[in-house]
Amino acid sequence: MAEENSITLEERDLAARLVRMGAAAPMPLDGLTRERLDEMVNNLPEIYHGVVSGLDSQRKPVEISMFDASRTNLQKRAGELLQKQAFADMPTGRISVEYSPDAWKQFLHSSPDVVDLEALQQNLRRWNFPVSDAGIRKAFEPDLGKNLAEAEKIYRAAQIDLFSRMVRMGLSKPVDMAELDFSHIEREIDKLPLLAVAEIAMATPDGGVRHLELLDVVDYSRSSHLAGENQYGFDYEWESKLRSRYPDASFEEIERARYREEMEREEPLKYPRERKSGIGSDGIARSYVQDRNPKEQYHLELQERAYFAQHPEWEDRVLHKTISYRAGVAWLDYFKQGIDAADPIVKADGSHSFRNLQSGLKNWELKFSPSRLADGFEPNPAINLREAQLLYHREIIAKTVSAGVIPPLPLEAWRKLSPEKAEEIVNGLPMLLTQARPADWLDTLNVAGTPENITGLELLFEASGIPFDQDKIRATLPAPQSETNERRTKMAAYELTNEDYQNIASGLIASGRLEMTQQQMRELSPDFLKDLVQMNDTPASIKQKVALSIMAAEGRVKLSQDDIENISGSEARIIFKNVPNRNIAPDPDAPAVTDRTRQELRRLMDKGLVPRMQSERWKILTEPEARQMINITLALAPATENQKQAVREMLKAGGFDGKALAAIIPSPTIGEREIATLSMGKASKILGLGPASEEQIKRVEELIADRRIEPVDTKNLTKGTASEILDAAYSQSKPHEPDDPATGKQLARIQELIDQKRIEPMSKTQLEKINFGQAREILANAPASSKQKNAIRNMVEQGRLEPLSKYENDNLTFAEASKLLDIGSGKSNEAQVHKQEPDGPATENQLAKLEELHKTGKIDEIPTDITKKQASEIIGKAVQAEPITIQQEGMLRKWMERGMVPVMSEKKIAAMTQGTFRDLSKDLMAKAAREPGKETPEPGRNKAPGKTIQEPAMSR
């Protein structure tokens with residue numbers, strides 16, 4: 001059966017020609033079947049087949065076959081043939097009417113200069129194909145490859161136009177229309193409901209047939225279709241009665257009255273259940289089962305009446321009517337028929353309600369914007385694409401404004417925002433270190449608003465130099481679905497797959513940068529496909545290459561240096577999206593980064609050559625890591641124009657070591673070609689071969705005189721050597737002693753705390769007299785900042801720190817908070833130590849509870865001058881036999897869900913007392929103290945069978 005349904009390359013070429021001509025709907029030719037091809041040809045007008053047969057001058061049988069769109073032209077061509085061709089006697093001829101694919105194939109292989117193109121165009125237009133003169137000629141293109149490629153482009157263009165309309169109507173979420181994923185587009189299109197197509201054949205005055213198509217969305221009816229209706233389900237006699245009863249009523253009011261009377265009559269369903277099918281955007285037939293009879297026939301009747309009201313000359317020429325069903329890209333035909341044809345019911349103000357369209361979309365459980373349905377009927381694809389991209393840019397702007405990344409636009413400017421201005425705003429957005437393009441803000445701000453994610457974003461914002469507003473971020477992020485959601489951690493190094501390259505190539509084909517069909521692309525070998533992508537895509541930026549080189553050195557991606565040199569921007573973006581998270585735990589054996597190296601790395605970041613990093617990683621950066629980043633960047637980044645000019649001048653002046661230069665650039669000669677390809681690193685090395693400057697020599701001699709360095713020969717000193725000596729000497733700065741004067745930063749911070757009334761005030765004289773050690777102690781004992789407390793609170797919620805008591809939180813100092821943050825982030829391996837509250841007098845609540853226990857006889861007497869600790873012990877012993885509270889029961893169930901305690905039966909939970917609950921709590925706290933930093937067990941782990949843990953209900 002599969003072999004019978006498969007088609008040949010010539011038949012696929014026929015389908016491509018019909019699509020190019022406009023006589024067939026755009027479709028993916030890769031999935032074309034013989035059944036689908038027959039259906040395409042069955043919808044076409046007739047083709048005339050002429051055969052002339054006889055004996056030639058040698059009296060050998062000869063038969064000549066011709067195809068044309070016009071009988072008259074075919075007869076004319078036969079007459080011309082008889083004049084040119086020599087026959088022994090009078091030949092015979094016959095003309096037949098053909099509708100088969102083979103006839104159309106033979107016809108389209110004829111020369112367009114001999115067939116009647118005007119008759120073909122008229123015939124197709126009568127069959128409701130609005131073909132153009134240029135489109136007609138395209139169908140006669142002899143190049144099979146070009147036909148297939150152009151048909152593919154037409155199909156992709158139709159998909160893009162339809163998807164743009166869906167975005168404008170709110171049926172699909174806006175995406176970047178410049179980088180489309182066609183698999184996503186096909187999924188979006190396939191979710192659209194079926195279309196009912198009324199095909200009406202009408203007789204033309206010249207004896208031909210004219211075809212009209214009216215399309216409407218399939219809708220489920222709330223009532224039955226009644227006996228005595230016409231084939232569209234509309235009772236003319238009943239409608240005339242309603243019209244006489246309500247002479248001034250609109251179509252909409254008549255329909256409502258008809259519906260009410262139908263419900264009152266309660267006649268049985270004429271069609272209790274039926275299956276319908278349509279062709280999806282991928283060319284595959286899909287069937288749908290409907291439990292109730294659809295009412296699209298009635299709405300199609302209204303569309304038909306509206307058409308004949310405008311064209312009354314055709315109403316009496318109707319030959320027959322049929323109804324079929326379509327899906328997928330056919331929705332483009334629904335929109336192209338125009339608003340008036342799709343929705344003939346007009347409201348009093350002249351606008352359209354789109355009631356049937358809305359009802360059909362709702363019954364298909366699709367979300368849309370009712371106020372934007374009219375946008376789907378815009379006939380210009382360029383406008384649809386432009387407006388869809390504007391919606392995408394609006395979403396990015398709205399998200400970033402909501403998150404506090406950029407200030408809001410004035411209301412009037414937001415309402416009148418043009419596509420050009422929106423694109424300008426988006427391109428000017430500040431970006432985080434992890435983002436490759438401004439559009440990545442949508443993914444960044446689409447993570448669940450868990451404490452862990454918010455903390456991570458805060459650190460990322462801080463490292464990227466972007467202000468962070470926690471309240472706005474929390475309000476912008478989606479609410480977390482569950483507190484037990486586990487953060488996905490990618491473990492294995494990422495390697496680009498063949499599927500990645502196919503997705504990139506699909507985008508290049510759609511944008512016209514890669515000329516081939518999707519089928520041809522999928523048949524390529526992985527290596528050749530990779531080469532094609534890299535040749536036709538935009539190269540990766542220096543910043544992207546630096547980031548990839550660092551990731552490769554860390555083992556997070558599998559790329560050689562040659563791979564990185566030739567990588568494209570699309571490849572880099574896919575890697576950034578899928579690369580495993582980096583473990584930022586410090587290397588205990590590696591030396592800390594020096595101030596000199598840190599400053600050098602920061603300069604490269606400021607120039608945009610090195611991606612910025614999270615503040616946590618910046619704090620624990622080691623010297624080998626930083627030097628690796630710098631060396632990679634200097635090797636990849638091209639030399640600046642100033643460097644190149646300095647190299648030219650140095651080479652012209654001479655006076656340097658030629659062997660050392662040859663080691664940097666292994667070339668017999670060094671000219672403009674070599675200079676133009678220099679990297680920053682090589683240019684720096686070359687310039688370092690030149691003689692040291694007078695200023696460098698002077699500073700080196702001062703260091704020798706101060707005995708801070710060993711004596712060196714300053715006469716033959718090069719720039720590079722002098723820089724190394726000076727950097728090494730100045731980087732070895734003397735550490736501050738406690739008796740040294742306080743630094744300016746310390747004094748400024750102390751004054752700021754005084755102004756905020758967070759520490760005791762000090763006079764200007766007192767400030768001037770304090771030393772470095774005293775200032776350090778004042779700052780360490782100052783109250784913790786709100787930013788520190790927020791970070792600690794988030795770490796507690798994530799299970800990275802133990803909860804703080806109210807006393808600890810209220811009396812937390814800056815130094816204590818810093819220590820806790822180091823423990824929570826993994827920077828410090830120390831155990832968390834709790835600050836114990838001094839045992840003061842019992843609280844009012846404790847005294848009231850003691851008084852209550854005394855009255856009920858649970859305690860004998862209340863000691864005088866009782867302390868908090870004594871009161872807690874007395875109360876605990878007195879109530880240990882009481883049942884646990886509802887709140888405590890909820891906490892117990894949560895511990896069981898997390899696997900922190902064994903699962904208990906309902907009977908055991910009901911029997912639990914305050915005493916056993918307190919003992920259980922102490923055990924958990926002791927365990928946490930023995931195993932600091934251990935993650936909380938995941939929900940459901942160590943779960944035993946029982947009724948207390950409910951499995952989540954299955955989602956519909």
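Of the 956 residues in this protein, 41% count as buried. The structure shown is a predicted model, and its accessible surface comes to about 53500 Å². Carbon and sulfur atoms hold 50% of that surface. The fold contains 47 helices and 8 strands. Among the contacts in the protein with a separation of 6 or more, 69% link residues that lie 24 or more positions apart.

A good place to start a tour is the interior. In soluble globular proteins, nonpolar side chains tend to be buried together. Here, the largest nonpolar core has 45 residues. The residues with the most contacts inside this core are W441, F461, L601, M613 and L621. Several helices supply two or more residues each: α16 (381-402), α18 (419-427), α19 (441-444), α20 (451-464), α25 (542-553), α28 (595-606) and α30 (623-636). Of these elements, α30 gives the most, with 6 residues.

F461 offers a closer look at this region. Leaving out residues up to four places away in sequence, F461 touches V405, L432, W441, I466, P467, F468 and I473. One of these partners, W441, is likewise listed among the residues with the most contacts inside the core.

The strands provide a second landmark. Three of them form an open sheet in the order β5-β4-β8, with antiparallel pairing. The edges of the sheet are β5 (209-217) and β8 (318-326), each of which pairs on one side only. From one strand to the next, the twist averages 20 degrees. In general, the strands of a sheet pair through backbone hydrogen bonds, in either a parallel or an antiparallel manner. Strand β4 (residues 195-203) and β5 run antiparallel and are joined by 9 bridges. Within this pairing, V197 stands opposite L215 in β5.

A final stop is S172, found in the loop between α8 (144-168) and α9 (182-190). The relative accessible area of S172 is 4%, so this residue counts as buried, the cut-off being under 20%. The side chain of S172 makes a polar contact with the side chain of E188, at 2.7 Å. With neighbours within four places in sequence set aside, S172 is in contact with F163, M166, V167, E188 and K191. E188 therefore appears both in this list of contacts and as the polar partner of S172, while S172 itself is buried at 4% relative accessible area.

Definitions and conventions
Residues are numbered from 1 along each chain as its sequence is written. This is a predicted model: local features need pLDDT of at least 70, side-chain atom pairs count only at pLDDT 80 or more; totals for chains, interfaces and linings use all residues. Side-chain values use heavy atoms; hydrogens and water are left out. Two strands pair if DSSP finds at least two bridges between them. Helices (H or I, at least four residues) and strands (E, at least two) are DSSP runs, numbered from the N terminus. Axes are lines fitted to C-alpha atoms, for helices over the stretch in contact, and angles run from 0 to 180 degrees between N-to-C directions. Buried means under 20% relative accessible area, exposed over 50%, partly exposed in between (1.4 Å probe, protein chains only). A polar contact is a pair of N or O atoms within 3.5 Å; within protein, one must be able to donate a hydrogen and the other to accept it, and residues adjacent in sequence count only if both atoms are side-chain atoms. Contact means heavy atoms within 4.5 Å. Accessible areas come from the Shrake-Rupley method with a 1.4 Å probe; for residues, only the protein chains shown count as cover. A nonpolar core is a set of buried Ala, Val, Leu, Ile, Met, Phe, Trp, Tyr and Cys residues joined through side-chain atoms within 4.5 Å.
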